[in-house]
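Thank you for asking me to look through this entry before you begin working with it. My notes follow as numbered points, to be read alongside the sequence and the structure.

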Amino acid sequence: MEETRFEIRIPCDDDGFILLRCPRCGELFKLTAEDMESNETLDIYCPSCGLCANNFLTQDVIGLALAKTSNYAMDAIAQQLQAFAKKNSSGLVRFEVKANREREPEPPIRAAIEALQIVTCHDCGREAKVPPALAMSAYTCPLCGIGQFNER
Ligand SMILES: [Zn+2]
Ligand SMILES: [Zn+2]
């Protein structure tokens, strides 16, 4: 099987941030599209629980990825069956392939509105958006993983 790549567009908010969600504690936070794509960003840390993972996608994004994969796989199978049916159409064995199954919906990812606050890391100088409660007390920088303590 060939390798197939899907592109899923995740919209940035007005400040250029992309929404992420921690798979462990469910905390929502945002990083800039620039930092997300940067080669310097190897690991991402949850600002709340400090989990280091590479799967901080929101349910919307995961759902869309699964729908796209499933639709693609079904299309590929239907195509193969149709090609096979054509090749064999003059033989004794005949069958028709009908690709009338229902496709999974592929809703575009919407930019949701969350009350997140821009914070700048004291250690790496990069920006993230975290919930105000974390911004005002302590959070783990999602980009460098160093704990940030903010006093008013
Ligand atoms: Zn977390
Ligand atoms: Zn940092």
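**Notes on the model**

1. Phe 149 belongs to strand β8, which covers residues 147-149. The model is a predicted one, and in it Phe 149 counts as exposed because 8 other C-beta atoms lie within 10 Å, where the cut-off for an exposed residue is 12 or fewer. The C-alpha atom of Phe 149 is separated by 9.2 Å from that of His 122, and the two residues are 27 residues apart along the chain.

2. Four strands form an open sheet in the order β1-β2-β6-β5, and their pairing is antiparallel. The edges are held by β1 (17-21) and β5 (117-120), each of which has a single partner strand, so that one side of each is left without a neighbour in the sheet. Neighbouring strands here are turned against each other by 30° on average, with direction ignored.

3. At one of these edges, β5 is joined by four bridges to β6 (residues 127-130), and the two strands run antiparallel. Within this part of the model, Ile 118 stands opposite Lys 129 in β6.

4. The largest nonpolar core has 19 residues, and those with the most contacts inside it are Ile 18, Leu 20, Phe 29, Leu 31, Ala 128 and Val 130. At least two residues of this core come from each of β1, β2 (28-32), β3 (44-45) and β6, while β1 supplies the largest share, four residues.

5. Which residues is Ile 18 in contact with, leaving aside its neighbours within four places in sequence? They are Ile 10, Cys 12, Lys 30, Leu 31, Ala 33 and Met 36.

Methods. Residues numbered from 1 in each chain as written. Chains lettered and ligands numbered in written order. Predicted model: local features only at pLDDT ≥ 70, side-chain atom pairs only at ≥ 80, totals over all residues. Pairing = 2+ DSSP bridges. Axes fitted to C-alpha atoms, helices over the stretch in contact; angles between N-to-C directions. Core = buried A, V, L, I, M, F, W, Y, C linked by C-beta atoms within 7 Å. Buried ≥ 20, exposed ≤ 12 C-beta atoms within 10 Å, placed from the backbone. Contact = placed C-beta atoms within 7 Å.
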